[in-house]
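Dear colleague,

I am passing a structure on to you, and I would be glad if you looked through it slowly before reading my notes. My findings follow below it.

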Amino acid sequence: MKIIPAEFMRHAHHWLILHGRYVCKARKPDCPACVIADICKSAEKTSEMPAPLMELAPQA
Ligand code: SF4
């Protein structure tokens with residue numbers, strides 16, 4: 001929690017949950033689609049190359 005900037009703290013736990021649900025799935029992590037593959041230390045990862053970041057649509 002000490003490394004999460006204050007402006008991201010409110011939603012950080014949601015992003016972690018969604019990352020586990022849609023990318024780093026327990027039975028088969030989708031490492032080629034993972035934006036943190038370059039810093040991940042998992043022995044099970046299958047990619048060293050992070051997926052490109054995408055621009056999000058502006059929020060209303
Ligand atoms: S690179 Fe690491 S964090 Fe990303 S999906 Fe693979 S195992 Fe999960």
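To begin with a single residue, does Phe-8 count as buried or exposed, and why? Phe-8 counts as exposed, because it has 9 C-beta neighbours inside 10 Å, and a residue is called exposed if that number is 12 or fewer. Please keep in mind throughout that this is a predicted model. Phe-8 sits in the segment before helix 1, and its C-alpha atom is separated by 21 Å from that of Pro-50, which lies 42 residues away along the chain.

Turning to the chain as a whole, the protein has one helix and zero strands. Its C-alpha atoms fill a box of roughly 35 × 30 × 20 Å along the principal axes, and of its 60 residues 8% count as buried. If you look at the contacts with a separation of 6 or more, you will find that residues 24 or more positions apart account for 0% of them.

Helix 1 runs over residues 9-22, and the distance from its first C-alpha to its last is 21 Å, which is close to the 20 Å expected for its 14 residues. This helix is hardly covered, since the count of buried residues among those 14 residues is zero. When you view it, it may help to recall that an α-helix has 3.6 residues a turn, so residues three or four places apart point the same way.

Two residues in the segment after helix 1 are worth setting side by side, namely Lys-41 and Ser-47. Lys-41 counts as exposed because it has 5 C-beta neighbours inside 10 Å, and its C-alpha atom is separated by 23 Å from that of His-11, with their positions 30 residues apart along the chain. Ser-47, by contrast, counts as partly exposed because it has 15 C-beta neighbours inside 10 Å. Leaving aside residues up to four places away in sequence, Ser-47 touches Cys-31, Pro-32, Cys-34 and Ala-37, while the C-alpha atoms of Ser-47 and Ala-33, 14 residues apart in sequence, are 9.0 Å apart in space.

Finally, there is the ligand, and you may ask which residues surround it. They are Val-23, Cys-24, Pro-29, Asp-30, Cys-31, Cys-34, Ile-36, Ala-37, Cys-40, Ser-42, Glu-44 and Lys-45. Sorted by class, this shell has eight nonpolar, one polar and three charged residues. Among the residues around the ligand are Cys-31, Cys-34 and Ala-37, which are also touched by Ser-47.

With best wishes

Terms used:
Residues numbered from 1 in each chain as written. Predicted model: local features only at pLDDT ≥ 70, side-chain atom pairs only at ≥ 80, totals over all residues. Near = placed C-beta within 6 Å. Nonpolar A, V, L, I, M, F, W, Y, C, P; charged D, E, K, R; others polar. Helix = DSSP H or I, 4+ residues; strand = E, 2+ residues; numbered from the N terminus. Expected span 1.5 Å × (residues − 1). Buried ≥ 20, exposed ≤ 12 C-beta atoms within 10 Å, placed from the backbone. Contact = placed C-beta atoms within 7 Å.
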